[in-house]
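Take the chain apart piece by piece, then put it back together. Keep the sequence and the 3D view side by side as you read.

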Amino acid sequence: MLDIQGLSKKYGDYLAVDHVSFTVPTGKIGILLGPNGAGKSTIIKSIAGLLRYEGGIGIQKMEAHSMEAKKIFAYVPELPAMFDALTVREHIEYVRKAYDSNITDQEVEAILTRFELEDKQDKLGNELSKGMMQKVSICCALCIKPQVILLDEPMVGLDPKAIKELKEVILELKENGVTILISTHMLEMVENIWDVMFVMEKGHIIGSYSKEEVGDKELDALFFELTGGEK
Ligand code: ATP
């Protein structure tokens, strides 16, 4: 479970996120939507521990700052950050060691193969294309075998095969009880996979729905209804 309670964040005097609360239940896929400047990245970075904030963030009922919570939590940032002098394989091994992950070599090979990185393992961080960096970032997150995973615009820069794989991986994670939060503008990419949605505007959640509540209603119709834009 990912539980956000009364989260507020100020940049100087500017209140970017105002007392926001929402929960993604265990084993569900949550999507965080909103127009530019709504406050999504601020929330994502707060959950990832990259910003100071007021309020509470719980990961599987543990305080997000705690070491126990960090060990079961993975984050795929919008812009992948690579070590220039480490190879793809070394990034993976670094994460395995840092998280003391019990992932097997075979599972690592399978993940790298899914994202077509098996023959790129010796490439250095600064020799990768943007899409390849994004794939490495996703593979590193998967190697943690997280119980909660946060993905910020994960499909941007990926080729169609990788997008398809990523969607399948997300559904497999859900099957295995992993809690997932995806922040995205690409509504069509998450249309068929979400369970709960949260729409933000001007630092507030202006609507939250579960898939059961909305039935067959299309995501973009809901989004534009809430944000007042045109379809
Ligand atoms: P986008 O969809 O464009 O990425 P977002 O929903 O992720 O937008 P945020 O990046 O969280 O929005 O920004 C929320 C508000 O906070 C915006 O008004 C933005 O200008 C402001 N903001 C974000 N980062 C900072 C910062 N470092 N300093 C000052 N203001 C900031």
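What follows is a walk from the sheet to the cores, and then to the charged side chains.

This is a predicted model. Start with the sheet. Four strands form an open sheet, in the order β2-β1-β4-β5. The pairing is antiparallel. Strands β2 and β5 are the edges, and each pairs on one side only.

Look at one edge. Strand β1 covers residues 2-11, and strand β2 covers residues 14-24. They pair in the antiparallel sense over seven bridges. To find the register, pick D3, which stands opposite T23 in β2. Now follow the chain around the turn. Two residues lie between the strands of this hairpin. G12 takes a positive phi there, near 65°.

Cross to the other edge. Here β4 (residues 54-59) pairs with β5 (62-63), again in the antiparallel sense. This pairing has two bridges. G58 stands opposite E63 in β5.

Next come the nonpolar cores. In soluble globular proteins, nonpolar side chains tend to be buried together. The largest nonpolar core here has 50 residues. Which residues have the most contacts inside it? They are F115, I170, I180 and I182. Helix α5 (residues 130-143) gives the largest share of this core, eight residues. A second, separate core has 25 residues. Among them are F22, I43, A69 and M200.

I180 is a good place to look around. Set aside its neighbours within four places in sequence. I180 is then in contact with V24, K28, I29 and G30. Its other contacts are I149, L151, I170, L173 and K174. Of these, I170 is also on the list of residues with the most contacts inside the largest core. V24 belongs to strand β2, whose residues are 14-24.

Now turn to M82. It lies in the loop between β6 (73-76) and α3. M82 counts as buried because its relative accessible area is 17%, under the 20% limit. What does M82 contact beyond its neighbours within four places in sequence? The partners are H91, G125, L128, M133 and V136. One of them, G125, is 43 residues away in sequence. In space, the C-alpha atoms of M82 and G125 are 5.4 Å apart. M133 and V136 fall in helix α5, residues 130-143.

K40 is a charged residue in a buried place. It sits in helix α1 (residues 40-47). K40 has no salt bridge. The nearest side chain of opposite charge is that of E153, 6.4 Å away. That is not within the 4 Å cut-off, so the two do not count as a salt bridge. What does the side chain of K40 reach instead? It reaches the backbone oxygen of G34, at 2.8 Å. Leaving aside neighbours within four places in sequence, K40 is in contact with L32, L33, G34 and P35. S183, H185 and M200 are also in contact with K40. M200 is one of the residues of the second core.

Elsewhere, charges do pair. The whole structure holds 14 salt bridges. Take R89 and E109, whose closest N and O atoms are 2.8 Å apart. This pair links distant parts of the chain, 20 residues apart. R89 is in helix α3 (residues 88-98), and E109 is in helix α4 (residues 105-114). R89 is buried, at 17% relative accessible area. E109 is partly exposed, at 31%.

A second pair stays inside one helix. E93 and R96 both lie in helix α3, three residues apart, about one turn of the helix. Their salt bridge has closest N and O atoms 3.0 Å apart. E93 is partly exposed, at 24% relative accessibility, whereas R96 is buried, at 12%.

Helix α6 (residues 160-175) offers a third pair, E165 and K161. They are four residues apart, so about one helical turn separates them. Their side chains meet in a salt bridge at 3.3 Å, N to O. E165 is buried, with a relative accessible area of 11%. K161 is partly exposed, at 36%. This pair is part of one network, joined by salt bridges that share partners. The members are R114, K161, K164, E165, E168 and E172.

How values were computed. Residues numbered from 1 in each chain as written. Predicted model: local features only at pLDDT ≥ 70, side-chain atom pairs only at ≥ 80, totals over all residues. Heavy atoms only, no water. Pairing = 2+ DSSP bridges. Buried < 20%, exposed > 50% of the residue type's maximum accessible area, 1.4 Å probe, protein only. Lys, Arg positive; Asp, Glu negative; His and termini not counted. Polar contact = N/O pair within 3.5 Å; in protein donor to acceptor, adjacent residues only side chain to side chain. Contact = heavy atoms within 4.5 Å. Core = buried A, V, L, I, M, F, W, Y, C linked by side-chain atoms within 4.5 Å.
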